[in-house]
Amino acid sequence: MSDPHAGGPVPGGDWDRAVGLVASAGEVALACHISPDADALGSMLAVGLALRARGVRVVASFGERRFRVPRLLRFLPGQDLLVEPGDYPPAPELMITFDVPIADRLGTLVANAGKARELIVLDHHASNTGFGTLNLVDPGAAATAVLAEELIGRLGLPVDKDIATCLYAGLVTDTGSFRHASTTPAAHLMAARLLAAGLDPERIARELWDRSPFGYLRLLGMVLERARLEPGTGPAGLVWTFVTRADRAACGLPYDEVEGMIDVIRRTDDADVAVILKEDDDGAWQVSTRSKGAVDVARVCAALGGGGHTRAAGFTSHLTVEQTMAGLRALL
Ligand SMILES: [Mn+2]
């Protein structure tokens, strides 16, 4: 088993083993993390499309009881590969996970993963626990899409426009539109390869960031109105706000429409850490955190049962807003 904490690129021998496992599998079962983002879902669909084009039987899913692709991601090609988690193979011959740092993030599919004969974990989270039988984990990769592209290439499969669209969605999202520190020369070279496959960058950007129902404007107004700045919290200040189920209902918005609000909150110059608490349909608080670098939010969120990256992480809370924030402040 490779050491997921080694921090370097994936050893060639591990890639060879992955290629061998995929080549000899009769069916490949793909899974990404619950509440999928563009990197998780895009990487999974890209590999699924590439395998299917080669004639491999493929299923793909994520383990949510209320299985539903977020509206923002419905433009991604290959969604006919998706099956409800209840229709997923109970004991897959070969299962591959995408962007999943800990087995819990597989949701209900954690049981299927436990019974998989081989489990390949494809990920770029430094916090990855290495829960697979083969762990292809590179914390230096800008996105899991980078590793998905490498797997497709090593399998000798071509990247067409649809596959490129899925990979690009992951890359452009996880690099913050090529603004984050993960924007390496390698990230731009990958973007160049994908663009050459004929994808439409303007359409992808519009689908991912530049459209919402009118109710979003009202909801954003409410959420910004109640934002609080705490300059004395942590090394460089905290800005935070929250959005309830009732708020969303009043504006006619499903949960996934509030995912991008953190990007408005984190603009605040006066705070290093930005936090938004989002009440989901079950009444739990999904807490998103962002840091400009003074605080390692991955560590903070890990201490609260979550995880993520140094500058972008999250956790789930079943406490009240005030109790959740008190716990967070104590760690900052
Ligand atoms: Mn990712």
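How many residues of domain 1 are in contact with how many residues of domain 2? In this predicted model, ten residues of domain 1 touch eight residues of domain 2.

## Two domains and their interface

The domain assignment divides the chain into domain 1, residues 12–208, and domain 2, residues 214–331. Taken over C-alpha atoms, the centres of domain 1 and domain 2 lie 26 Å apart. The size of an interface is often expressed as the accessible area lost when the parts come together. For domain 1 and domain 2 the buried area is about 850 Å², with 36% of it on carbon and sulfur atoms.

Five residue pairs are in polar contact across the interface of domain 1 and domain 2, both residues being at pLDDT 80 or more. On the side of domain 1 that touches domain 2, the residues comprise one nonpolar, four polar and five charged. Three salt bridges are counted between domain 1 and domain 2.

## Salt bridges

Side chains of opposite charge can pair when their charged atoms come close. The count of salt bridges comes to 17. Two of the pairs are set out below with their nitrogen-to-oxygen distances.

| Salt bridge | N to O distance |
|---|---|
| E257 and R71 | 2.4 Å |
| R57 and E27 | 3.7 Å |

The pair of R57 and E27 links distant parts of the chain: R57 belongs to strand 2 (residues 57–61) and E27 to strand 1 (residues 27–32), with their positions 30 residues apart in the numbering.

## The manganese site

Which residues coordinate the manganese ion? The donors are D39 (OD), D99 (OD), H124 (NE2) and D174 (OD), at 2.2 to 2.4 Å. Along the sequence, these donor residues of the manganese ion follow the spacing D-x59-D-x24-H-x49-D. Of these donors, H124 and D174 bring together distant parts of the chain, being 50 residues apart. H124 is in the loop between strand 4 (118–123) and strand 5 (134–137), whereas D174 is in helix 5 (residues 161–174).

## The surroundings of T183

Where is T183 found? T183 occupies the loop between helix 5 and helix 6 (185–196). With residues up to four places away in sequence left out, T183 touches T175, F178 and H188. The side chain of T183 also has polar atoms placed by the backbone of two residues: a polar atom of this side chain lies 2.7 Å from the backbone oxygen of H180, and the side chain reaches the backbone nitrogen of R179 at 3.4 Å. T183 and A141 are separated by 42 residues in sequence, and their C-alpha atoms are 9.7 Å apart in space.

Methods:
Residues are numbered from 1 along each chain as its sequence is written. This is a predicted model: local features need pLDDT of at least 70, side-chain atom pairs count only at pLDDT 80 or more; totals for chains, interfaces and linings use all residues. Side-chain values use heavy atoms; hydrogens and water are left out. Domain bounds come from an automatic or database domain assignment. Contact means heavy atoms within 4.5 Å. Buried area is the accessible area (1.4 Å probe) that two parts lose on being put together, summed over both. A salt bridge is a side-chain nitrogen of Lys or Arg within 4 Å of a carboxyl oxygen of Asp or Glu. A polar contact is a pair of N or O atoms within 3.5 Å; within protein, one must be able to donate a hydrogen and the other to accept it, and residues adjacent in sequence count only if both atoms are side-chain atoms. Ala, Val, Leu, Ile, Met, Phe, Trp, Tyr, Cys and Pro count as nonpolar, Asp, Glu, Lys and Arg as charged, and the others, Gly among them, as polar. Donors are N, O and S atoms within 2.8 Å of the metal (3.2 Å for Na, K and Ca); water is not among the atoms, so sites may look incomplete. Helices (H or I, at least four residues) and strands (E, at least two) are DSSP runs, numbered from the N terminus.
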